[in-house]
Amino acid sequence: MKAIVLGGGVIGVTTAYCLARAGHEVTVIERGATAACETSFANAGLVNPGHCFSWAEPASPVLLMRSLVGAETALKLRFVPDPRMWAWGLRFLGSCPPRRHRVHSLRMLGLAQASRAALDRIAAETGIAFSRRRGGLLYIHREERTLDAAARRFRLLADRGETVEVLGREACIRLEPALAGATAKIAGALYCPRDESGDCRAFTLGLADSCRGLGVEFRHGVSVLALERAGDAVEAVATDDGRVQGDAYVLALGSYSPVVARTAGLRLPVYPVKGYSLTLRVPEAAPDRAGAPAIGGIDEGRRVAFARLGHELRFTSTAEVAGSDTSFRDEDFDAIRRTMRELFPAAAAFAETARWACLRPMTPGGPPILGRTPIRNLYLNTGHGSFGWTMACGSAEAVCDVIDGRPPALDLAGLTLG
């Protein structure tokens with residue numbers, strides 16, 4: 001079978017790898033000059049099934065309302081004259097009640113757990129180096145009250161096999177000495193020892209090389225314009241470099257998947273949600289724990305994630321519903337810098353090397369959309385939100401199973417277009 005994968009981020013490249021490994025002829029179409037040019041370029045770096053909670057939670061409506069009056073919140077809403085945003089937003093609000101939040105979070109957890117095992121397999125098969133750190137992740141709280149509430153919330157994941165430990169302030173610092181300068185700022189953390197971190201871009205570029213070794217063709221600098229539909233099937237992909245034909249087509253274009261899907265008469269409940277990241281260079285001469293954390297995690301109160309990626313330190317934050325704008329100002333990173341200086345004071349001396357803003361493709365409830373569509377030879381692998389790196393390998397294996405007509409090893413209930 002000739003498979004055409006639309007998109008060269010971590011989702012598209014893992015899909016291409018699984019299809020090629022299964023013996024298919026694969027072509028990847030990507031508008032960037034290399035793989036991982038957009039959302040996968042500078043993400044948080046966390047692979048965290050132990051934190052797979054939907055952003056559509058009971059507290060989210062209040063955060064959105066506060067953001068409209070200028071409050072500094074991690075979840076933000078900006079008025080944009082886009083009917084798609086408001087339709088998506090209403091569905092997002094409808095996903096926030098506790099029962100729906102629980103259902104969506106458990107679906108995300110199941111996929112993330114399957115993906116962790118798939119990442120282990122792919123990493124072992126390929127030997128890709130991507131600054132992988134497997135010492136667990138810390139979910140830090142600044143108040144005892146929120147730490148206790150989070151411990152109750154995390155029972156949802158613990159009941160499904162995730163290991164979760166509650167650590168006090170001193171235990172946090174013993175595990176991660178770089179937090180010693182934040183003793184007065186933190187109350188403790190939840191520690192998930194099976195969570196990990198790694199450089200998503202390095203992994204994606206390395207896997208693209210492995211794909212080429214399996215015969216995958218990458219067509220870079222080529223933009224997808226439309227899907228040409230004939231009856232109940234896609235006949236070709238229209239690009240700015242001509243038509244491309246295959247037997248099966250996988251839509252893995254992230255936030256741009258709905259735009260392309262509409263050209264074939266398919267509507268996807270996926271909308272871009274903007275995030276920001278800041279990367280610092282850790283001096284090579286510095287001892288491993290000289291002010292820069294070895295263990296990644298999240299400041300839960302500020303919703304700022306951090307990860308050590310070799311000699312770089314990555315900080316990310318914010319989920320801003322504001323259309324498809326990827327521009328940024330220096331002040332957009334102020335909250336990240338403030339949190340960085342409070343948790344890791346020595347990190348303020350490290351040189352900033354990159355600022356980045358990207359669009360995360362989010363569904364209203366949180367789980368991505370995988371597998372079949374009403375169009376016979378069109379398949380979906382999109383809508384992963386902020387968990388694309390966490391869910392990529394498992395999503396790719398599941399979609400490949402569906403294309404090959406095998407029952408997926410992963411239960412896709414609630415993860416298909418419906």
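I started at Ser 277 and looked up its bridge partner in strand E18, which turns out to be Trp 356. Note to self: this is a predicted model.

**Strand E14**

I then followed the pairing along the strands. E14 covers residues 271-281, and E18 covers residues 351-362. I found 11 bridges joining the two, and they run antiparallel.

Next I checked E17, residues 312-321. E14 pairs with E17 as well, again in the antiparallel sense, over 7 bridges. Here I picked out Tyr 276, which stands opposite Ser 317 of E17.

Is E14 covered or not covered, for the most part? I looked up burial and got mostly covered, with 10 of the 11 residues buried.

**Helices H4 and H8**

I moved on to the helices. H4 spans residues 98-126 and H8 spans residues 200-213. I have their axes 11 Å apart, packed at an angle of about 60°.

Why do I call the pair oblique? Angles of 65 to 115 degrees would count as roughly perpendicular and those under 35 as roughly parallel, and the H4 and H8 angle of about 60° fits neither range, so the two helices are oblique to each other. I also noted the handedness: H4 and H8 make a left-handed crossing.

Then I asked which residues meet where H4 and H8 touch. From H4 I listed Leu 119, Ile 122 and Thr 126, and from H8 I listed Phe 203, Leu 207 and Ser 210. Sorted by class, the contact has 4 nonpolar residues, 2 polar and no charged ones.

How values were computed:
Residues are numbered from 1 along each chain as its sequence is written. This is a predicted model: local features need pLDDT of at least 70, side-chain atom pairs count only at pLDDT 80 or more; totals for chains, interfaces and linings use all residues. Side-chain values use heavy atoms; hydrogens and water are left out. Buried means under 20% relative accessible area, exposed over 50%, partly exposed in between (1.4 Å probe, protein chains only). Helices (H or I, at least four residues) and strands (E, at least two) are DSSP runs, numbered from the N terminus. Two strands pair if DSSP finds at least two bridges between them. Axes are lines fitted to C-alpha atoms, for helices over the stretch in contact, and angles run from 0 to 180 degrees between N-to-C directions. Angles under 35 degrees count as roughly parallel, over 145 as roughly antiparallel, 65 to 115 as roughly perpendicular and the rest as oblique. A crossing is left-handed if the near helix is turned anticlockwise from the far one by less than a right angle, and right-handed if clockwise. Contact means heavy atoms within 4.5 Å. Ala, Val, Leu, Ile, Met, Phe, Trp, Tyr, Cys and Pro count as nonpolar, Asp, Glu, Lys and Arg as charged, and the others, Gly among them, as polar.
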